Amino acid sequence: MTASTLPHADAALQARLAAIVGERRVLVRAGELRTYESDGLPGYHARPSIGVFPGTRDETIAVVRLLAELGMPFVPRGAGTGLSGGALAEGVVLLGLHRLTRIISIDAEDQRALVEPGVVNAALSRAAAPFGLHYAPDPSSQTACTIGGNVAENAGGPHCLKYGVTLNHVLALTALLPNGDVVTLGNADGECEGYDLLGAFIGSEGCFGVALDVTVRLARNPQAVRTLLADFSSLDAAAHAVSAIVAAGIVPAAMEMMDGPTIQAVEASIYAAGYPVDAAAILLIELDGAAAGIDADADRVAAFCREAGARGVRTASDPAERARLWQGRKKAFGAMGRISPHLVVQDAVVPRTKLPAMLAEIARVAAEYRVKVCNVFHAGDGNLHPNIGYDATSPDESARVHAAMAAIMQACVAAGGTITGEHGVGIDKLPYMDSLFSPATLGAMCALRDVFDPARRANPGKVVPMHSCREWHAAPSARS
Amino acid sequence: MARGTVGALVSVHAASEIATVLADRVRSARAAGTPLRIVGGGHWLDAGRPCRALETISLAEDAGIVEYEPGDLTLTARAGTTLADLARITRAEGQWLPLDPFGSATGTLGATVATGSAGPLASAFGTPRDQVLGCEIVTGTADVVRAGGRVVKNVAGYDLTRLNVGAWGTLGVLTEISVRLRALPEMDRTFAVEVSAADGWTWLRASEFTPMAAELMSPALGALLAVGDAAVLLVRLGGNEALVRGAVESLAALGPMREVPASMWEALAAAEPPGSAVVRLSTAPSRTAALWERASAIVERARGSAHATLTRGVVRCILPVSGDGDEEHARLRGMVGALQNLGTAIVERLPASLWPAIVAPAAVDPLSVRVRNAFDPDRILNPGILGEPA
Ligand SMILES: Cc1cc2nc3c(=O)[nH]c(=O)nc-3n(C[C@H](O)[C@H](O)[C@H](O)COP(=O)(O)OP(=O)(O)OC[C@H]3O[C@@H](n4cnc5c(N)ncnc54)[C@H](O)[C@@H]3O)c2cc1C
């Protein structure tokens, strides 16, 4: 919807929303809504009909109840750093949650925190730091993205290799269902019996309702950390080093790969980390845990890298160097964004033994379609992030980029992988859902969604292709 | 490498042959209104759960590895594969599925996942919820659903995998399961330390060492396993030589300690007398020591035993049952009731006749009922097994 003035009905809505959250917290003008037209993936734009930004839990509940009363669809939004177009609200109400930033409690003894959904990921770790604790899932966007967005996407991050993803760190949450009901999922104080509704809600991409508060586990800061930088003269050698380390059973806290073009982009930016600019690939490998034994593991990791052909392996000598090495990795996406006006990024995961072959395939596809791919990804998990920078105003280049992306995705699925490891389906990966799941499986997903949101008003049109959402029970024979 | 014992690698879409046959079975059961009991190794049949079924579907025969590429540290197996077979096959590659539910290792992977069962190793490796990557399910609507995948990270679509883990087969019959594996640690040593629950927790909370398991055992259990007659913390340490040596030194400061054979864990898993009533209590970890003291008093009066996964806040209480008489049942009701009063309580086993009177049904909140309606609208699969009314 592109109209810059609101139709009449929306003016009434505006007034009713303003009565709940205050006039300043309801946005209707095109200029004001521009920020909310896209998420972290700049290729998609969609204008919400109206933006509403509650400041408290009660306001949020009142807003959702009003929308339920009016039967209006809405899209929850955190910081808008998502990489699948998940927070786009095309012609519907955008419900911004980033003002709900209260860290309600930190329980150092039981190592957990209760937070509102708008709390920024890194802010939680900062607040936990005085207790020697941190929140382990660390998406590279952690200085901006919110816990609510993390829960909705089941976000990962470099350190999820050892510590697990969001799912493994949420003990309980309060969900505000699209019909306005408030329910507790999970149990912060013990085990749960019955269906794992908490597990079902995590990763539901805003389609099951709004996470109103979240109880997360906090991790103890490790006693010792070793951060290694290994540099390689071929991508293949780096990929083989990853496979060797995984197969040997060493579980680094993180194991990230960056290829030559990515390294060059980072080194040309303000985030320059001192990576070797002539390397074809680097691995950033971190080990953590008790001081006892950590050097033995670090030595083994370094040996695996050298055996695979690393030109050199160096260890960060102090926390400042370690932070610098990580900053380059975490800001790599931003650094690449500086070079090209538009950027697409994928998130496929392949079995880890397939990494070398898949990186070769990506290079082949890039050559075939004459596009420039940068690879920066969670290598230890087999979670690829091929990025392609391009100019979307060129129809020819856009077509080649999208064809290349489709080819890469198909190769990953054919290798036994999946289409998204942490960014979610949103709208960006909708076209690939049919290649991964059977009609019966997609139908089952729709049935699950209908449990939480039978009216399908929360984040409509995302995750599962519309055509899969036929009646689940109606015609069993037609579904086989 | 052990692979392909069942057949060629199936495509991500294709339903396995057995699932297709099962779907037909479920479809006709649905049409005929014949509720089915889903059985793996059969170890839960005597748990007393009030399942109302007219026919049984056994998955025990549907066993074997579908795909195992050791370098991926993932494995896909048919649901009837036993944990013992999985352990044998993965050990040959220096790997394991660190999942050690109580009971016999002849239990099946399918039942372990369906019941969400875990043991002491959950302390470090989590429960089936954390280890299952995907599964094939035949739903109560006779659809074959292939949820999740075989890779270690996956957020494609809504999480039907988590939904079925711990659902006791009431949403679908699990026919195939993919799990994450780990490399066997370089060293794997177990120590018995005499320590109180409170001191044990304090060490675990603050120590830089993360044991693979740390299970506190009541004096009765310690005596049964011949590790002593005081409360004993069984600690399983894994890692390289230097790490384990460091952890051993740190542990030794806690109390009298001695190394025990790893077989101790199997002995613990098999320790409960057949026919016992088992109640699992849980709380926040910092409150486990207090819960332990109170539960221990009740368990001792019942001449039972208990063990606790301190980092998870779980206290598992084992109450012997002698006979079937009214008096014995009244006694049990009193004991179980007293345990339930201590907080979150999950009943694992109980004489069948006592179940409805004592155990609150699970999955009866409105959302869970809607889940059940979506996937098993006619209550064909294991009806009543969650204690839910007809
Ligand atoms: C540079 C960069 C690096 C990134 N690196 C990573 C990474 O390493 N790992 C990773 O997993 N992701 C990464 N991401 C993706 C993104 O940051 C994550 O998906 C993050 O979890 C999104 O959080 P957000 O608050 O920005 O959510 P948004 O983008 O605002 O929303 C994302 C989805 O969550 C829903 N949502 C938001 N809040 C709520 C709520 N309270 N209740 C219900 N639904 C809600 C929205 O409807 C939408 O579907 C990266 C992004 C960027 C730009």
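**Figure 1. Arg400(A) sits in helix α14 of chain A, in a predicted model.** The helix covers residues 395-414. Arg400(A) has 16% relative accessibility, so this arginine counts as buried. Residues up to four places away in sequence are set aside here; beyond them, Arg400(A) touches Tyr369(A), Arg370(A) and Val371(A). One of these partners, Arg370(A), is the subject of the next view.

**Figure 2. Arg370(A) occupies the loop between α13 and β17 of chain A.** Helix α13 spans 355-369, and strand β17 spans 373-377. The phi of Arg370(A) is near 50 degrees. That is a positive value in a residue other than glycine. Most residues other than glycine have a negative phi. Arg370(A) has a relative accessible area of 59%, so it is exposed. Its contact partner Arg400(A), by contrast, is buried.

**Figure 3. Val373(A) lies in strand β17 of chain A.** With a relative accessible area of 10%, Val373(A) is buried. Neighbours within four places in sequence are left out of the contacts listed here. Val373(A) is in contact with Asp259(A) and Pro261(A). Ile362(A) and Ala366(A) are also partners of Val373(A). Pro386(A), Asn387(A) and Ile388(A) complete the list. For scale, take Val373(A) and Ser49(A), which are 324 residues apart along the chain. Their C-alpha atoms are separated by 36 Å.

**Figure 4. The largest nonpolar core has 144 residues and includes members from chains A and B.** Five residues touch the most other members. They are Met257(A), Leu283(A), Cys305(A), Phe452(A) and Phe375(B). Helix α14(A) gives the largest share of this core, nine residues. Another core lies apart from it, with 43 residues. Among the members of that second core are Ala214(B), Leu291(B), Leu319(B) and Leu350(B). In soluble globular proteins, nonpolar side chains tend to be buried together.

**Figure 5. Met257(A) and its contacts in chain A.** Met257(A) is among the five residues that touch the most other members of the largest nonpolar core. Neighbours within four places in sequence are again left aside. The partners of Met257(A) include Leu235(A), Ala238(A), Ala239(A) and Val242(A). Ile282(A), Leu283(A) and Leu359(A) are in contact with Met257(A) too. So are Asn375(A), Val376(A), Phe377(A) and Ala379(A). Leu283(A), one of these partners, is also among the five residues with the most core contacts.

**Figure 6. Gly40(B) lies in the loop between β1 and β2 of chain B.** Strand β1 covers 36-39, and β2 covers 55-58. Gly40(B) counts as buried because its relative accessibility is 17%, under the 20% limit. Beyond four places in sequence, Gly40(B) is in contact with Ser58(B), Ala60(B) and Thr108(B). Gly40(B) and Leu251(B) are 211 residues apart along the chain. Their C-alpha atoms are separated by 40 Å.

**Figure 7. Ala226(B) is in the loop between α8 and β12 of chain B.** Helix α8 runs over 219-224, and strand β12 over 232-239. Ala226(B) has a positive phi of about 55 degrees, although it is not a glycine. At 57% relative accessibility, Ala226(B) counts as exposed.

**Figure 8. Chain A as the setting for the views of Arg400(A), Arg370(A), Val373(A) and Met257(A).** Chain A holds 16 helices and 18 strands. Its C-alpha trace spans about 65 × 55 × 50 Å along the principal axes. The radius of gyration is 23 Å, which agrees with the value near 23 Å for a compact globule of 480 residues. Buried residues make up 60% of chain A. Take contacts between residues at least 6 apart in sequence: 71% join residues at least 24 apart. Chain A carries 40 positive and 49 negative side chains, and the centres of the two sets lie 3 Å apart.

**Figure 9. Chain B as the setting for the views of Gly40(B) and Ala226(B).** Chain B holds 14 helices and 17 strands. Its radius of gyration is 21 Å, close to the 21 Å from the globule rule for 390 residues, so chain B is as compact as a globular protein of that length. The C-alpha atoms fill a box of roughly 60 × 55 × 30 Å along the principal axes. Of the residues in chain B, 60% count as buried. About 14,000 Å² is exposed, and carbon and sulfur atoms supply 54% of it.

Definitions and conventions
Residues numbered from 1 in each chain as written. Chains lettered and ligands numbered in written order. Predicted model: local features only at pLDDT ≥ 70, side-chain atom pairs only at ≥ 80, totals over all residues. Heavy atoms only, no water. Helix = DSSP H or I, 4+ residues; strand = E, 2+ residues; numbered from the N terminus. Rg over C-alpha atoms; globule rule 2.2 N^0.38 Å. Buried < 20%, exposed > 50% of the residue type's maximum accessible area, 1.4 Å probe, protein only. Contact = heavy atoms within 4.5 Å. Lys, Arg positive; Asp, Glu negative; His and termini not counted. Charge placed at Lys NZ, Arg CZ, Asp CG, Glu CD. Core = buried A, V, L, I, M, F, W, Y, C linked by side-chain atoms within 4.5 Å. Areas by Shrake-Rupley, 256 points an atom, 1.4 Å probe, with all protein chains shown as cover.
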